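Here is a friendly walk through the cysteines and charged pairs of one protein chain. Have the coordinates open as you read.

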Amino acid sequence: MLEKIFHLEENHTSVRTEINAGITSFVTMAYILAVNPSLLSAAGMDAQGVMLATALASCLGCFFMAAFTNYPIVLAPGMGLNAYFAFTVCGSCGYSWQIALFAVFVEGLIFILLSVSNVREALFNAIPLSLKHGASVGIGLFIAFIGLQNAGIIIDNDSTLVGIVSFRSTFHTAGICALLTLIGTVFIGILFIRGVKGYVLIGMAFTWLAGILCQLTGLYTPDVKAGYYSMIPSSIFSTDLSSIGKVFGQAFRADFRGISAGTFITIIFAFLFVDLFDTLGALIGLTSKAGLLDEEGHLPRIKGALLADAAATTAGAIIGTSTVTTYAESSAGIAEGGRTGLTSATTGFLFILALFFAPLFTSIPSCATAPALIFVGFLMLGSVAKINLEDPVEAIPAYLAILFMPMAYSISEGLAIGIISYVILHVFTGRKKEVTPLMYILALLFVLKYIFL
């Protein structure tokens, strides 16, 4: 039955590989079950209710992607977008979280219309192949940078913005977590070189078990105030789902008194713009790595992928969470061999389980998931070989996209710089005929965004 639904043989994969890939994707993104409630609770939302809404919305997004496209891409509430929701719309601007949810709901409806009308597909196809390969590499470095930060290896530095952790002075907390991450990354590399199936998942499990052993022997000491929690789950099972009622359907209870139409449209546009290009950038990079693009750099069934993303955003707002979007962590499952919707469906099913096993999933330490993210960065680096470095007019924009994704901590910012520089270089080197009209429009939109937003 699974063969008929997901066409496994046609995609040169198996049930075991796909399920393993789905588990891997889930484990690398399970942090959203803890992080999203933490962020949105700052806007006044019920943390437990948001956690349940996050699990349900992620589940629906993954199922939509599996049903509409049969691609191994997973979705969940987007990082960055949830921070904008909590700290800008509800924080700096002072609007209620119900209004922010309604703005996300409207954004999702607009995305559905854009997806059905082929606008988003046209945007995807307009981006040249060199930038698509650059986006794949950039996302890999971005994911690796997130892993290094999550593990506490790369930390804040007042002089240089970033620095490396002091292993000695913080050995029993940050130091041991950083060391476990490095050991786990090397262990995954060894398994990869030896051709061991499920190397990423095995590596994460190994790192977590090593962390538990360090805690039991006193090498690791939990420090909740500093953000270093116990690696041993305090509980595993929970059946209290009543909190979902505190956030479900609240988008339609928003009080719009005192809010102008222009202000509300501005909020919607900000959500729309960031989500649009985050999604396009992620899809470009992930599908390029998975070998799903055709010879012209187009993605078959892209309309379904974009529609799944839009439908998940709309449903997520109703359920009670911020914008649901395509997750770059899909690359971990793809690296494990995931090639069909069975991967995303498996991840979606695990989000259902997370409703009942939330204490277990949220106790997975960052030092266990970080090695997967760091190693995926290496795997996605291979796309740089597909960029024609002998042609600087094509290569420089790809390089800038690669550079800005991790440095600006944003897929959409990297894509923006890549597109703007692509148009400028082609215009001023006598190759403007190679630039499509839509690329000019995209470049102009990004320039206007930097001027006015």
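A residue is called buried here if its relative accessible area is under 20%, exposed if over 50%, and partly exposed in between, using a 1.4 Å probe and protein chains only. This is a predicted model, in which local features need pLDDT of at least 70, side-chain atom pairs count only at pLDDT 80 or more, and totals for chains, interfaces and linings use all residues. Residues are numbered from 1 along each chain as its sequence is written, and side-chain values use heavy atoms, with hydrogens and water left out.

**Cysteines**

Let us begin with Cys 62, which is buried at a relative accessible area of 0%. How many disulfides does a search of the whole structure find? The search returns zero, where a disulfide means a pair of cysteine sulfur atoms within 2.5 Å. For Cys 62, the closest cysteine sulfur belongs to Cys 59 and lies 7.2 Å away, so the two are too far apart for a bond. Cys 214 is likewise in no disulfide, with the sulfur of Cys 367 as its nearest at 8.5 Å. Cys 214 also counts as buried, at 11% relative accessibility.

**Salt bridges**

Side chains of opposite charge can pair when their charged atoms come close. The criterion for a salt bridge is a side-chain nitrogen of Lys or Arg within 4 Å of a carboxyl oxygen of Asp or Glu. Across the whole structure, six salt bridges are found, including these:

| Pair | N to O distance |
|---|---|
| Arg 120 and Asp 309 | 3.6 Å |
| Glu 413 and Lys 449 | 2.7 Å |
| Glu 434 and Arg 431 | 3.0 Å |

Helices, mentioned below, are DSSP runs (H or I, at least four residues; strands are E, at least two), numbered from the N terminus.

Which parts of the chain does the salt bridge between Arg 120 and Asp 309 link? Arg 120 sits in helix H7 (residues 119–126) and Asp 309 in helix H12 (residues 302–319), distant parts of the chain 189 residues apart. Arg 120 is buried at 0% relative accessibility, and Asp 309 is buried at 0% too.

Glu 413 and Lys 449 meet in a salt bridge as well. This pair joins helix H18 (residues 411–428), home of Glu 413, to helix H19 (residues 437–452), home of Lys 449, with their positions 36 residues apart. Lys 449 is buried, at 13% relative accessible area.

Is Glu 434 buried or partly exposed? At 41% relative accessibility, Glu 434 counts as partly exposed, and its partner Arg 431 is partly exposed at 21%. Through salt bridges with shared partners, Asp 391, Arg 431 and Glu 434 form one network.
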